[in-house]
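Here are my notes on the model, set out as numbered points for you to read beside the coordinates. I begin with the pairing of strands and then turn to the cores and the aromatic side chains.

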Amino acid sequence: MTDAATSKKPKVLIVTGVLWIGGGAERVAANLGNHLTDQGYETHLLTFYEAAEKFPYHGIYHSFNEPAKKNWWHKLPNIPLRIWKIHRYAKTHKIDVVYAFLEEASFYTLVAKRLFFWRRRVIVSVRNNTDRLGKVFRIASKLLYPSADSVVAVTRAVEHQLQINWGLTNTTTIYNSIHMERVEQQVGQPLPSEYQWLTDASPLIISIGRLIQQKGQWHLIRAFATVHEQHPEATLVIIGALGEYRKEIQQLIADCQLTEQIHLLGSQANVHQFLACADVFAFSSLWEGMPNTMLEALSVGLPIISTD
């Protein structure tokens, strides 16, 4: 690819909160950035927070490296500065197209578009069931999303919600993708030494998701308790960041007397090597958009038991 050919392509900026290993949207953002970079586009990926372990990304990366704040009241004072920094980055690097992932990044990017009269295109991505958004998010979305050049939904159902509930006409659907070459490479890697015992566990049930309300793992654990009564040799492994429901989940496992049968492994950089050892993938989410973990399970040929 010559410099002249590359310069004719638009410069792309992907904005997301963080690139930490464990987030489905973050994985898609990294995959998209890598693909565009490989296609010869100058692709920047901008995050608000830094992560100790990030998804592989070989484009241009920059983080504001802000301290993580879970409470929105603590974030409020920094919002004007963050909007200005997004604008300054896009202007400095002469960005042509901005693609924002998740609500927080989308809101700030669209405010910057309006406030600074951007001519550059802005695409935002809606990656979850919009009926589950809080009131503030719903109001902000209805006000800001019409100004996006395109609002990308991850399923037809989510796009339908955007059209019916929010009256949007600038929507489209792009399904999440799976990088099959990478899957095949990761499946062939051996398990970490501390988890080699999983190769002998049978039947092995695996689930992937942070320990948060949305993922509904307490239903999975209670269902597994019933399975264990009939199949005492069964093992359940849950991979995912130990989130806000960690103590409740750990206590439920103890109450069900299943501490030897249910294992919380935390985040794992390569989930495919674990999926390859399993017999069944179990999915217990209460709501979703288009779950990447289910696609990952399908990519290695696992049968799936899921909530609807």
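1. In which sense do strand β9 and β10 pair, and over how many bridges? In this predicted model, β9, which covers residues 235-239, pairs with β10 in the parallel sense, and the pairing runs over four bridges. Within that pairing, valine 237 has histidine 263 of β10 as its bridge partner.

2. The two strands belong to an open sheet of five strands, ordered β10-β9-β8-β11-β12, with parallel pairing. Its edges are formed by β10 (262-266) and β12 (304-306), each of which pairs on one side only, and from one strand to the next the twist averages 25°. Although β10 is an edge strand, four of its five residues are buried, so that it is mostly covered.

3. Helix α12, made up of residues 292-299, packs on this sheet and touches β8 (204-208), β11 (280-283) and β12. The direction of the helix makes about 170° with that of β11.

4. Turning to the interior, the largest nonpolar core holds 36 residues, and those with the most contacts inside it are Leu13, Phe48, Val124, Tyr145 and Val151. Among the elements that give two or more residues to this core are the strands β1 (12-16), β4 (97-101), β5 (121-126) and β6 (150-153), together with helices including α4 (79-92), α5 (103-115) and α6 (135-144). A second core, separate from this one, has 18 residues, including Val237, Phe274, Phe281 and Phe283; Val237 is the residue whose bridge partner was given above as histidine 263.

5. What surrounds valine 124, leaving aside its neighbours within four places in sequence? Its contacts are with Ala100, Ser106, Leu110, Tyr145, Ala148, Ser150, Val151 and Val152, and of these Tyr145 and Val151 are also listed with the residues that have the most contacts inside the core.

6. Threonine 43 is found in strand β2, which covers residues 43-47. Because its relative accessibility is 2%, and buried means under 20%, threonine 43 counts as buried. Leaving aside neighbours within four places in sequence, threonine 43 is in contact with Val12, Ile14, Gly33, Leu36, Thr37, Tyr57, Gly59 and Ile60.

7. The count of aromatic pairs comes to 11. One of them joins tryptophan 84 and phenylalanine 116 in a tilted arrangement, at 5.8 Å centre to centre and with 55° between the planes. Since tryptophan 84 lies in helix α4 and phenylalanine 116 in the loop between α5 and β5, the pair ties together parts that are 32 residues apart in sequence. Tryptophan 84 is partly exposed, with a relative accessible area of 39%, and phenylalanine 116 likewise counts as partly exposed, at 26% relative accessibility.

8. Phe48, Tyr49, Phe64 and Tyr108 form one aromatic cluster. Over the ring of phenylalanine 48 sits the charged end of arginine 82, 4.1 Å from the ring centre. The charged end of arginine 120, in turn, sits over the ring of tryptophan 118, 4.7 Å from its centre.

Key: Residues numbered from 1 in each chain as written. Predicted model: local features only at pLDDT ≥ 70, side-chain atom pairs only at ≥ 80, totals over all residues. Heavy atoms only, no water. Core = buried A, V, L, I, M, F, W, Y, C linked by side-chain atoms within 4.5 Å. Buried < 20%, exposed > 50% of the residue type's maximum accessible area, 1.4 Å probe, protein only. Contact = heavy atoms within 4.5 Å. Pairing = 2+ DSSP bridges. Axes fitted to C-alpha atoms, helices over the stretch in contact; angles between N-to-C directions. Phe/Tyr/Trp six-rings, centres within 6.5 Å; stacked < 30°, edge-to-face > 60°. Lys NZ or Arg CZ within 6 Å of the ring centre and 35° of its normal.
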